[in-house]
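Here is a short set of exercises to work through with the model open beside you. Each one starts with a task, and the solution follows step by step.

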Amino acid sequence: MAKRLDDVMSRLGTGRWNLLHILSLSYCFSLTTYHTLGGAFLAPEWTTPAAGPRAPTTQLPPEAPHRCSFPPATTPPKRLSKRHGCPPPPPSPQTRVQLLRAELVLGQVEEEPCVEWDFDNSTFSSTVGTEVIFDSDRLVSGVGACDLAVTKYLRSTYQSIYMFGVTIGAPFNGVLADRYGRKMTMAVGFVAYSALAIGSCWIPNLSALLLSRFLMGAVDPTILKTGYILGMEVADPKWRTHIGIALFLPWALSLMAWGGFAYLVREWRMLQLTVSLLCLAFLPTLW
C-alpha cells in the first residue's frame, strides 16, 4: 500500500495542493509551542515577596508604639524589640512568614499570621503562580499559611502536567489515526486543543486549570505526530527529507517569538489568550 502511494505521489509531483498542506501544517505546528513551553512565561519563578495585609510594605498596626516597614523584596524579622527598635531583615527568605504585633498593655510580642503577599510585579503584572496557584494554596492550607515551598511545587506541576498528558495521549494517537484517518483525527484534535487553550484563559481554579493542561497535552500528539505523517504522505518521496525538516522550522521560530509576546504582554491571561487566538487562523485550512 505504501509503495503504491509513493508511486502515485511521484507521478503527481509537487504542486500547489502539496504546498498548501505543507505550509498550513507548518503553521499549525508552530502554535503548540506557546503551550508546550508555556510554563516559562505563564508560570515563571517569582522573586521572594513580602508579607502584608494590603500594603506595598509590611507594617505594624498604627496603634503600636514602634512602627516598622520593610521593602517588598525582603521578609520581616521574627521578633520586634521595643528597646532596640526595628532590627534589619534576615539575609535569607523564610518559607513561612509571620507578621508581628506589639501589645500596648503587656509590652509583649505576639505573632500574627500572614494574610496576604505583596509580589514583585516589575516583570510580570500577574502570573499563574501569583494568582491562581497562590490563591489555591491558601484555600488548601488555610488563610495565613503562605507556604512558598508548596506554591513553587505547584508551579512545576503546571508545566509537567502537560508533558504527562502527552505521554498518556501518544499511544492512542496512532490507533485513532489509522482507524478514522489522518485528517479527521488531526481536525478534531486541533479544534479541541484550540477550545481548551482559549477557554483556560478564564479558569479561576487550579484543579480545573491543571486538568485543562493535561487534556491539551493528551491532544498534542494528534496535532504534531498525525500532522507530520500527513505531511509526509502528501509530499513527493524525493522531497520528504527536506520537507520533514521544513515542517518544524516554524516551531523553532515560534519558540523565539514566544519571548517577544511575553515581553509585550505581561499579564498571563491576556498573554495566553493572545497566542491562543492565533489558532483560529488555521481552522479554515481543515476544510
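This is a predicted model, and a good place to begin is Phe-261, which sits in helix H10.

**Exercise 1. Find out which ring Phe-261 pairs with, and what kind of pair the two form.**

Step 1. Start with the backbone: Phe-261 and Tyr-34 are 227 residues apart in sequence, yet their C-alpha atoms are 9.6 Å apart in space.

Step 2. Now turn to the rings. A pair of aromatic rings is described by the distance of the centres and the angle of the planes. For Tyr-34 and Phe-261 the values are 5.8 Å centre to centre and 90° between the planes.

Step 3. Compare with the cut-offs: centres must lie within 6.5 Å, and planes over 60 degrees apart count as edge-to-face. Tyr-34 and Phe-261 are therefore an edge-to-face pair.

Step 4. Place both partners. Tyr-34 belongs to helix H3 (residues 33-36) and Phe-261 to helix H10 (residues 249-264), so this pair ties together parts that are 227 residues apart in sequence.

Step 5. Check the surroundings. Tyr-34 is buried, at 5% relative accessible area, whereas Phe-261 is partly exposed, at 25%.

Step 6. Widen the view: ring pairs join Tyr-34, Phe-41, Trp-258 and Phe-261 into a cluster. The structure holds 7 aromatic pairs.

**Exercise 2. Describe the pair formed by Phe-190 and Phe-282, and say which parts of the chain it ties together.**

Step 1. The ring centres of Phe-190 and Phe-282 are 4.6 Å apart and the planes meet at 65°, so this pair is edge-to-face.

Step 2. Phe-190 lies in helix H7 (residues 182-199), and Phe-282 in the segment after helix H11 (268-276), so the pair ties together parts that are 92 residues apart in sequence.

Step 3. Both Phe-190 and Phe-282 are buried.

Step 4. Look at the largest nonpolar core, which has 42 residues; Val-128 and Phe-190 touch the most other members. Among the elements that give two or more residues to this core are H7, H10 and H11. The largest share, 9 residues, comes from H8.

**Exercise 3. Which tyrosine rings have the charged end of an arginine over them?**

Step 1. Take Tyr-158: the charged end of Arg-213 sits over its ring, 4.4 Å from the centre.

Step 2. Then take Tyr-263, whose ring has the charged end of Arg-266 over it, 4.9 Å from the centre.

**Exercise 4. How many disulfides does the structure hold, and how far is the sulfur of Cys-28 from the closest cysteine sulfur?**

Step 1. The count of disulfides is 0.

Step 2. For Cys-28, the closest cysteine sulfur belongs to Cys-279, at 7.8 Å. A disulfide needs the sulfur atoms within 2.5 Å, so the sulfur in Cys-279 is too far for a bond.

Step 3. Add the accessibility: Cys-28 is buried, at 0% relative accessible area. Cys-201 also counts as buried, at 2%.

**Exercise 5. Compare the regions that UniProt lists as "transmembrane region" with the helix content of the model.**

Step 1. The UniProt record, an unreviewed entry, lists residues 186-205 and 243-264 under this heading.

Step 2. Residues 186-205 are 70% helix and 0% strand, with the end C-alpha atoms 29 Å apart.

Step 3. Residues 243-264 are 91% helix and 0% strand, with the end C-alpha atoms 33 Å apart.

Step 4. Look at helix H7 itself. H7 has 18 residues and reaches 26 Å from its first C-alpha to its last, close to the 26 Å expected at 1.5 Å a residue. Its buried residues include Met-186, Gly-189, Phe-190, Tyr-193 and Ala-197.

**Exercise 6. What C-alpha distances separate Ile-22 from Leu-247 and Pro-237 from Asp-7?**

Step 1. Ile-22 is found in helix H2 and is buried, at 8% relative accessible area. Ile-22 and Leu-247 are 225 residues apart along the chain, but their C-alpha atoms are separated by 6.8 Å.

Step 2. Pro-237 is in the loop between H8 and helix H9 (240-246) and is partly exposed, at 27%. Pro-237 and Asp-7 are 230 residues apart along the chain, with 8.6 Å between their C-alpha atoms.

Step 3. Finish with helix H2: it has 16 residues and reaches 23 Å from first C-alpha to last, close to the expected 22 Å. Among the buried residues of H2 are Ile-22, Leu-25, Cys-28 and Phe-29.

Definitions and conventions. Residues numbered from 1 in each chain as written. Predicted model: local features only at pLDDT ≥ 70, side-chain atom pairs only at ≥ 80, totals over all residues. Heavy atoms only, no water. Phe/Tyr/Trp six-rings, centres within 6.5 Å; stacked < 30°, edge-to-face > 60°. Helix = DSSP H or I, 4+ residues; strand = E, 2+ residues; numbered from the N terminus. Buried < 20%, exposed > 50% of the residue type's maximum accessible area, 1.4 Å probe, protein only. Lys NZ or Arg CZ within 6 Å of the ring centre and 35° of its normal. Core = buried A, V, L, I, M, F, W, Y, C linked by side-chain atoms within 4.5 Å. UniProt positions renumbered as here; feature names shortened; annotations may be inferred. Expected span 1.5 Å × (residues − 1).
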